[in-house]
Amino acid sequence: MKNTVGLIVNPVAGMGGSVGLKGTDGEIYKKALELGARPVTPKRTKECLSRIESKGDITLFVAPGKMGEEYVEAFDMPFRVIGTVGEETTAKDTKEIAAEMVDRGVELLIFVGGDGTARDVYDAIGVRIPVVAVPSGVKVFSSVFALSARAASKMVDAFVEGADVTEEEVLDIDEEAFREDRLASRLYGYLLVP
């Protein structure tokens, strides 16, 4: 029997790092674009998906367009698109699609982003299902994240093989304070991870 796995990609996560913005939460990603930032999540998403060895045991549920669908078309994995998004994606899109995926029976959610994305996933699903978090943000303080896209693929394989899950922290920092060289972190909650 195939495992149902969801995929949500934050297409603006990590863009602020290359231009020194220390994050892209809210509207700051527009400034990152003006400064010449390029997306980092496509490469991380493709690296994670390409290294999953249990592809034959997975059916993917993916967010539309640049939030997931664009990246899975190159892989030999059956998938269904869940939800709708506009030209500019939002935290609300992530929350709504994650909740819908859980409601449709997704057993594991892969998300590609940073701490802001982890907060959105936490808000939407809490500890209802486990997640594999692919680190792609400027801020990656939460312990829910795998060490790399490669490690994330190994976590997906472990889940398919029946690995246990544990709770890990969802943390985030105040980006404005961080831009002023002050670190102000907050614990938001916990997500389950293989």
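## Burial and surface of the chain

Of the 194 residues in the protein chain, 50% are buried. The model is a predicted one. The accessible surface of the chain comes to about 9100 Å², and carbon and sulfur atoms hold 48% of that surface.

Contacts in the chain can also be sorted by distance along the sequence. Among contacts with a separation of 6 or more, 63% are between residues 24 or more positions apart.

## Order of the elements

The protein chain contains 7 helices and 7 strands. Read from the N terminus, their order is β-α-α-β-α-β-α-β-α-β-α-β-α-β.

## Helix α5 and its cover

Helix α5 spans residues 115-125. This helix is mostly covered, with 9 of its 11 residues buried. The buried residues are D115, G116, T117, A118, R119, D120, V121, A124 and I125. Their cover includes helix α4 and four strands: β4 (108-113), β5 (131-135), β6 (166-173) and β7 (185-193). After α5 comes G126, which has a positive phi, near 55 degrees.

V121 is one of the residues of α5. Is V121 buried or exposed? Its relative accessibility is 0%, and the cut-off for buried is under 20%, so V121 counts as buried. Leaving out residues up to four places away in sequence, V121 touches T94, L109, F111, G126, V131 and L191. V121 and A133 are 12 residues apart in sequence, and their C-alpha atoms are 10.0 Å apart in space.

## Packing of α4 against α5

Helix α4 (residues 91-103) packs against helix α5 at an angle of about 45 degrees. The two axes are 8 Å apart. An angle from 35 to 65 degrees is neither roughly parallel nor roughly perpendicular, and α4 and α5 are therefore oblique to each other. The crossing of α4 past α5 is right-handed.

Which residues of α4 and α5 meet? From α4 they are A91, T94, K95, A98, A99 and V102; from α5 they are T117, D120, V121, D123, A124 and I125. By type, the residues of this contact divide into 7 nonpolar, 2 polar and 3 charged.

## Packing of α2 against α6

A second helix pair is formed by α2 (residues 41-51) and α6 (residues 149-160). These helices pack at an angle of about 40 degrees, and their axes are 8 Å apart. That angle makes α2 oblique to α6. The crossing of α2 and α6 is right-handed.

On the α2 side, the contact is made by R44, E47, C48 and R51. On the α6 side, A149, R150, A152, S153, K154 and D157 take part. The residues of the contact between α2 and α6 comprise 3 nonpolar, 1 polar and 6 charged.

## N3 in the strand β1

Strand β1 covers residues 3-9, and N3 lies in it. How is N3 classed, buried or exposed? The relative accessible area of N3 is 14%. Buried means under 20%, so N3 is buried.

Which residues is N3 in contact with, leaving aside its neighbours within four places in sequence? They are D57, I58, T59, E107, F159 and V160.

Notes
Residues are numbered from 1 along each chain as its sequence is written. This is a predicted model: local features need pLDDT of at least 70, side-chain atom pairs count only at pLDDT 80 or more; totals for chains, interfaces and linings use all residues. Side-chain values use heavy atoms; hydrogens and water are left out. Axes are lines fitted to C-alpha atoms, for helices over the stretch in contact, and angles run from 0 to 180 degrees between N-to-C directions. Helices (H or I, at least four residues) and strands (E, at least two) are DSSP runs, numbered from the N terminus. Angles under 35 degrees count as roughly parallel, over 145 as roughly antiparallel, 65 to 115 as roughly perpendicular and the rest as oblique. A crossing is left-handed if the near helix is turned anticlockwise from the far one by less than a right angle, and right-handed if clockwise. Contact means heavy atoms within 4.5 Å. Ala, Val, Leu, Ile, Met, Phe, Trp, Tyr, Cys and Pro count as nonpolar, Asp, Glu, Lys and Arg as charged, and the others, Gly among them, as polar. Buried means under 20% relative accessible area, exposed over 50%, partly exposed in between (1.4 Å probe, protein chains only). Accessible areas come from the Shrake-Rupley method with a 1.4 Å probe; for residues, only the protein chains shown count as cover.
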